[in-house]
Every structure is written in C-alpha cells, then in structure tokens.
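Visitor: Could you pick a single strand of this protein and take me through it closely? I'd like to see what lies around it too, and then how other parts of the chain look by comparison.

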Amino acid sequence: MWRLPGRHLGRFGRQLRSQHALAGLKEGSEVEGFEVTQVTRVPELFLDPVVRLEHKGTGAQYLHLARADDNNNAFAVAFRTSPRDSTGLPHILEHVTLCGSKRYPVRDPFFKMLNRSLASFMNAMTGPDFTVYPFSSPNQKDFHQLLSIYLDAVFKPLLRDMDFSQEGWRLEHEVVGDPNSPLVLRGVVFNEMKGCFADPQARLQQDLLSHLLPSDTYAHVFGGEPLCIPALTAQDLRNFHAQCYHPSNARIVSYGNFPLGETLQRLQEEQLAGFTKQTPVASVPREKRWTEPKRVHVTCTPDPLGAATNPEKQSTLAMAYLCGDATNVYETFTLQVLSELLLGGPTSVLHRALIEPGIGDGFAPCTYFEAQTRDTFFSVGLQGVAEKQFDEIQDVTKNALLSARDKGFDSEHIKAILHSMEIGAKTQSANFGLNMALGILPSWNHGADPVECLNLSANVARLRKQLENEPKFLQNLLDQYLCSNPHVLTITMSPDEGHSEKLVQAESKILSDKVSVLDDSAKDRVLELEIGLQKEQMKPSDTSCLPTLSMSDLNPEPQKYICNKTKMGKKEIPVHIFPQPTNGVTHFRALLDTSRINPQLRDTYLPLFLAVATRMGTKKNDYRQFDRKIQLCTSGLGMGSHIIEHPTLNGQFLDSILLSSNCLDRNLGKMMDLWKELLLEPSFTDRERLETLVRATAAEVANGVAYGGHRYAMLNASSRLTTAGSNREKDSGLTFISQMKQFASMEKEEMENTLNKLQELSSILYESGLRCSVNVSPGETDSALKQLESDLISSLPNPAFNNMYRKNELIQDAGTKSSQHHVLPLPVGYLGRSIATGVPYLHPDFASLRVAGQLLSAQYLHSEVRERGGAYGSGAVMNASGNFSYYSYRDPEASRNTPNVFNNSASWLLNPDNYKAEHVDEAKLSIFQKVDAPTAPGDRGMSLFLSGVDLEMLQRHRQAVKSVRVEDVLRVAAKYLDQRENPLTMASSLIGPPSSDLDDSWEVLNG
Ligand SMILES: [Zn+2]
C-alpha cells in the first residue's frame, strides 16, 4: 500500500510550498486553536518538520510528521481506555462507535466508506489500555472526507441500543421472530471473542498479561471475556464514551505531504471548538513489584489439529519477567536489543538452551519483549512440552540466563542485531506513515516523548558508546531485569478434554439465568427487539449523507515505474532492474523454475524444503554461522513458493520458487555470496537441526488456523479444482500443516531419508531455470548490476528461466460438487467455496466478475453473514487464479445457513432490483483501492516481474473495471456463477467443529 516516489515536484508542488510555509511555525505560535509546543525534524526518516501541538480549549495532544515525498497520508486518533472489568467495554465501544454518528447517521459508515474511498487503510483497534482509529489515503479529497467521518464517529457517535445489541451481545430466538424456538446469546464481539479464545495460545497470552500485571487494568480481559460480556449494558457504554472519547483524553497523529493547516482547521471547526476541557483519564499506574515469583496453571482445549507429534506433549510453559518503565525510551530500546540476544534466531541464548535440545516443539506465540504496557515485560514460552518437564524447563531457562549474564555476549552478535535494526528502519514499507503512527501511540499513551520514539539512530549511537564505556552494560541489564528479578510469573497450560464442555455449560448457565428472570412482557420485548433489529438489518440504508469519490477522482493512469531489462552471463539469465528511491537499500528477488523436479519430490518434499532451506546451513558454514552472516549483512533470506496463473491464457500456470532478500547497498556483494553458497553448497546433513525446524514450523502453522481459517478454507476448496490450486494447498494449506505434523512425528531413520530427499532436491535447483530482479536507487544501478553478475550469476550453472508456463489441468469435472468438512475442535467455523471460471486476468469478463464479487461482499454477504449470521467476516472475490471464491470467517452459521447464502448469491446478483449503478461504482472504487494501492519503492514493478503483468496490461484492466455496467454483472453472474443454469466446477471446504447440520453430500475428514 502506500507512497509516492521522491522528486515528483510537479504534482506535489502545492503541498511542498505549504509545508514550507509550515516550516516557519515557531514554538509558542498559534494555529487553528492549537499552540505549537515543539518544532523539530528527524532526518533519518525524512520527517521535516515534526510538529507537536496542544489544543488550547481542550488540551488535545497533536503530533504532525511531515514528509514531502510521501502522498500516502496517514491519520490516527487514540484515547486512553483502561478497562475496569472483563465485559469488553472498550472493544464493544470501538465496534459501536463505527455504527453511525450525528453528522453521518448511517448504519456502519465505515463499511460503507470502504466502497466510496481510495483509502489504503481504514480500521480501528483496541489495545489493553488504549483504542486507536487510524486510516491512510493517497488522495487528498478522500483524506479530508475520511477525516470528517472519523472525527465525527469518535466524538459524536450515536451509540444506539440496537447497535449495542448487534455488536455487543443480545438475547434472541434461534430462529429470529419465532417465539417457539429456543433463546440464544448472540453478538459480533461475543462471537469474535469466543473465536479468539478458541486458540489456546491466545488464551494463554491474555492469562499471562492478567497474572503478571494483576493490580490494575491489565487484570481484566480488554477484548471481553465471552462469559462476562452479557453483563454489559448500553448505558455503561455511553458513560465510558463520555469519559474516554473526549478531546482532553485524545492523542492525534498525522503524517505525509497534505497541508497540516487544513487538517487542524477541520478538526477545530467540526469538532474541538464545541468541547471544553475535562480531566483526562489517568495513566495506568506502575505495577507494584513482587518479592517472590508466582506460578499459575490454566487449562485449554486439546490441540486443534488433533494429537500432534506426541499426545503426551501438549502443554505450554511460559516465564514472564516484569521489566522497566515504558516511558523510558532508551531503556526500552536497550531491552529490545537484549531480547534479540536472548530470543532472536538460532544463535540466541534461549534458542540454544530450549529449542536446540528439542525440549519442546518451539517457542510459543507469547515469546517476545512487550513494550506497549505501562511496565514493559519480557516473556518466553515453550509449546509442545509434557507436564513432567515443567520444572526442568524453568531450571534450563534460569541457568541459560545466568550463564549469559556471567559470560557476556558475542560482540558480533550485538553488531548483527544493531544492523538488523538499522536496515529495518531504512526499509520503506507500503504503509510507512501509518506504521510509524501506530508504533508511537502506545508509548505516547503512557506519557513517553513521541519524538524521542522516532530517533532510532540516536539510541543506537548511545548504546554503542555505552558499551565502549561499560562493556558489561547488557549483562547488568540482564541481571537486573531477568536473573535477579523476583517479579517473574511462570504460567503453564495443559489440555483438558472437558475444557470446551465446561465453557458450553457455563454459557448455558448464563443463558438460563438470563432467560429465567424474563416474565411474559420481557419475553415479548426480546421478540420485538430481535424483529426490529432484523428489520433494520434488512432495510437498505440511505447513504446519501456520506461523501464519496467518483470515477473522475481516480488517476487516469497507473503509477509509472521504469524497468530496464537485460541478460547476464553465458546463460543469458533475464534480469529486470527497477531504479527506485529505495533509501539506500537494495531489494533482490529471483525465480527458480520447478519443472525439473519430479512430481513426488515436488509434492512431498518441496514444501518442507522451502520451509527450512535457508536455515540448515551450508557445507562451509553450519546453520549458526550461516545465520550470523545473514543477520550481519541482510534483512534475512526468504524462500517460498510462487504459483501464478497466466494473465491472458486460460489453463496455463507458473510454478516456481521465489528467493528474496534486502540489504544496505554496500552489502550487496556479501548478500550475493550468501545466495551463491546456499545454492551451490547446500547441506542437508544435520538431522537434529531439521527435527528442530520441523517441530517449530508444525507448531507455528497450526497456531495460524484460528486466524486465517477462511484462507485455509478457500485454498482447500480451490485445491480440488486445478493443478495450480492443488500445488498451492500442498505448499501452504491444510495439507501443508498435516504434512508438517507427519514429518514432526518421524523416526530417526525416516528423517535420515528425508534429509537425503532434501539434498536431492537442492541439487536439482541449480540446474533449474533462473531469472532475477533488483530494485535499487537510480545512482546505484550500475554497481548493483556488476555485483549481481560477478558475485552470483557468473558462478551459477543455472539456465535462463524463459519458458515459464505449463499446463494447468482441471481436476474436477464440470457439474460435480465436492464438499469437504475438515473437523477441528474450534468453537466456530470457516466456510470457503471456489468456482473455477476459466477466466484469466485480462479476459473481458474478468473485470465484471471482480466487480460482481465486490458487490456481493458489500451489498449482500455483509448483511447476511456478518450482521444477521453473527460471523466476524465474509466476502466474495475473483482473483487472478480464475477462481471465484466465497468465504466466511469465525462464522457460527458456517455449517447451517451460510452455505445457503452462498447458494443464493447468484440469484441475488441476477435480480437487478438488488443494486443500482451507484453500487456498481462503489464496487469499482473499492477495487481501485487495491489496483492503485500505494506501493513501496522496493516492491514497485513486481506485478511485472512476478506475474507478467506490465503497465499496459494493468491499464487495460483498470479501463475494463471502470467500464463495467449493471448489464455486465448480470451477464457474468448468469454465465459463470448460476448453478441452476450451468454445470459449475465448484468445491466447498468447511473448517470447524463437528456438525449434524450437513447433508450426505459432505465428506467428513477428521483432523
Ligand atoms: Zn472486534
């Protein structure tokens, strides 16, 4: 997403001038009701000026980060919202705030704006002690429109009872409107939190926070404990809003090249002028330090993917150490460095102590240094362990920390970590400004100096100096906060077969308590409310008060880039060069053809190979030495599967391996040496290392199902349609997860055999077709090309990768419908359905199908699946694979009503009364959000290099989308999506709990 290249003076001349005028702002001067309290700059991030202001009437705090060459402008307003109980008050308020405001009394203005804007980001997030509403947009008119909507939403939301019952919780009949059907508890956040805590590791992270910081706000579940949510009322919500969402309690950040004056003026005139000062919410107090460590045990549901490697080893143990004051920016920085020394990569202290010996499967997700809470903390968790190992793990951890304290750290390791931080700060991400704002707000919320938070290089320099004068500085820090710190929590978690059942019983107890107190008139009121809510949800909402962009606000052409193509070496390897303002960082990518790999190796071993190959070491360097080298001169070596369908020809696809890495320009030669070493001298001999990596990967991917279940469901459905889909599933779908589990449970001998297979695979790779690309600053292209040729390409035997595409077979006959239910012990389901349309990206019908998907998502599925069905999300999407897919996310109706909603989608599209030309235009705009999304300099041109889509093709697609009309949608819906008229090639996959609602056409697969 996000920003424009440098030096576009023509287009941004006006803004540049106004920034210049702003540079005249003096501390103490006044602008639009604000007093300027600080004017400075941060040259390393090209922020000039950085301005802090305070609103005179209310005390609202404001920080502006001006960056002349970035038009992906960002804005965020945040409030201190410290919960006093576990009803999920701040989280539900965040949802209901987005359900309409005084000036924009539209149900769900945010969702509506998703279709009327070019925003590169729109969202709202609740944290343990603050709530933030951020957005970004590269279009100035859009930015101001969104600004008005965001400000009105947070300062003047309607907070209606009905919205509370929809988003928070409500009692209603299972069949809405039928007084004879049983009463149930429903609500968006209620379901969301049940879904969230279905993941044992998410539950553990919450419990860890609550027990480590038990005396104030962190003791409570900020997102909402599902069983506590039904205690909350709409009035509680309104009281909390009045107290917290007030300008006096607000911190605001803006970023980019749009004029600050206009933003401040809008803020003052539309909102702040009408408020007076009130006492802001107090900062969270520091936690009182313990004099003794504590220990807590919790239970969870068994592993969602069934008995993993070892049914005895299903427990997790975590140790958390309370550290320093989050407002101390430098100390927090040094603790981050320390935590990298302890946890980052295979040479770190705790990796060597806990992961290498195979004590558990891998680090648990709660392994990190947390700097967002008022007191920072360090936490390390190990998952896939047995209960009887608990004491041993604690001892091993403590001893490893003591030994590091006494022996000290390798200076090369410290150097490597500081290098990683430097390259991380320099590498421009797609949403640079937004990420910066979100990075600053948590510590600023506690009272840290936000400008100091931006100054990474000052902190690096200070630490280097400190280490010169005080070589044991980091060891002393380790001693203070970890070795000699009594404020340590050990939290353990083990599965309990009865865990889910207990939750179900507790929920039905709450339900029956609620129901038993209802007299007849109260029951009538429940019925009345649910019918009212349903009516409201069915009612087409009048969005005329919302602003919108129109087709004429779109850029006439896509963002341009220059691509120089050349061929290198004796084998004439194709190389694409994209000169871009990359901030001193070189971005390298290469594609390797997989067509020489035999099918058995491809299917069984390539996914594993991709997961481990860069971490096994080489013949020259063992994996630790190799990892250190990677960290000293790159941002990491990436290897993954890259599968893409031909943009114009149906039935053709590219199956390849993508190598990618970035480095500071000066390190390009060294980075090329590393790739060369990896390709020419790979080493797959270290069985223990492979076992470690396999265990860790299996644990990691299994953790992801609860978060990305809809993607897994769509991948799985598509895998039964085409070869390309089937390969994608093997590389990254449910099949990948189960295969990783199989590898993780292998005996020694099988593992040795696996090593041989990986070695065999690696020796095919340097005979595989190769093509490369480089994104680098214009002044560096010549030297980058020389290094690429001399240090990599001239030494590789690989031929050129020219014939890229191969046949993409249809696996399933038209008219057969394959439906699979993958049973996993999750509380709610994820449904995916894919239809193979055979329509490639540049086919005339592709744009119309893409618009149809967006129309369905916004106008039909959102109200049916999310608002009425209680799912957290849903959608329909046409993608470049030629598959038209539907999905639902954390969906309590995934096995009941949602399949019918998907079935009825085509009929809905075929009824022209359901939408008008303006809805089609909205769908097009939201497609343009993606098509014209700002791109980071290091990623520009990748649609050409990776997908074969050049600027001319992209422009053709843009034109095709712009010209889609209602008739086109009707036509493609009849031709490709209507199963009554056509034998569709279609597959559905449901991931979720056992269900008795599915008919016999579903194949049920366990685990
Ligand atoms: Zn939420």
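Guide: Let's start with one strand, follow its neighbours, and then move on to a few other places.

A word on ground rules: this is a predicted model, where local features need pLDDT of at least 70, side-chain atom pairs count only at pLDDT 80 or more, and totals for chains, interfaces and linings use all residues. Residues are numbered from 1 along each chain as its sequence is written, and side-chain values use heavy atoms, with hydrogens and water left out.

The strand is strand 19, residues 573-579. Helices and strands here are DSSP runs, numbered from the N terminus: H or I with at least four residues for a helix, E with at least two for a strand. Seven of the seven residues of strand 19 are buried. Buried means under 20% relative accessible area, exposed means over 50%, and partly exposed is in between, using a 1.4 Å probe and protein chains only. Look at both faces: Ile573, Val575, Ile577 and Pro579 point one way, while Pro574, His576 and Phe578 point the other way, and all of them are buried.

Who are its partners? Two strands pair if DSSP finds at least two bridges between them. Strand 18 (residues 564-568) pairs with strand 19 in the antiparallel sense, over five bridges. To find one of these bridges, go to Thr566, whose partner in strand 19 is Val575. Strands 18 and 19 make a hairpin with four residues between them, and Gly569 in that turn has a positive phi of about 75°. Strand 19 also pairs with strand 23 (residues 770-776), this time in the parallel sense and again over five bridges. Here Ile577 has Val774 of strand 23 as its bridge partner.

Now walk out of strand 19. In the loop between it and strand 20 (585-593) you'll find Asn583. Asn583 isn't a glycine, but it has a positive phi of about 70°. At 18% relative accessibility, Asn583 counts as buried. For a contrast, try Glu32, in the loop between strand 1 (30-31) and strand 2 (34-42). Its phi is positive too, near 50°, but Glu32 is partly exposed, with a relative accessible area of 31%.

Next, the nonpolar cores. A nonpolar core is a set of buried Ala, Val, Leu, Ile, Met, Phe, Trp, Tyr and Cys residues joined through side-chain atoms within 4.5 Å. The largest one has 70 residues, and Phe588, Phe609, Trp675 and Leu788 touch the most other members. Helix 19 (residues 599-612) is the top contributor to this core, giving eight residues. A second, separate core has 68 residues, including Ile92, Val154, Phe240 and Tyr245. Zoom in on Trp675: leaving aside neighbours within four places in sequence, its contacts (heavy atoms within 4.5 Å) include Phe588, Leu637, Met639, Leu659 and Leu792.

Phe240 brings us to helix 8 (residues 234-244), whose buried residues are Ala234, Leu237, Phe240, His241 and Cys244. They cover an arc of only 120° around the axis, which puts them on the same side of helix 8; the arc is that of the directions from the helix axis to the C-beta atoms. Why does that spacing work? An α-helix has 3.6 residues a turn, so residues three or four places apart point the same way. The cover over the buried residues of helix 8 includes strand 5 (73-80), helix 2 (89-97), helix 4 (140-155) and helix 5 (161-167).

Cys244 is buried at a relative accessible area of 1%. What about a disulfide? That's a pair of cysteine sulfur atoms within 2.5 Å, and by this rule the count comes to zero. For Cys196, the nearest cysteine sulfur is that of Cys300, 14 Å away. The sulfur of Cys244 is 18 Å from the closest one, in Cys99, which is too far for a bond.

Last stop: six strands forming an open sheet, in the order 27-28-26-29-25-30, with mixed pairing. Strand 27 (873-878) and strand 30 (1002-1006) stand at its edges with a single partner strand each, so one side of each has no neighbour in the sheet. Inside that order, strand 25 (residues 817-823) pairs with strand 29 (residues 986-992) in the parallel sense over seven bridges. There, His821 stands opposite Leu990.
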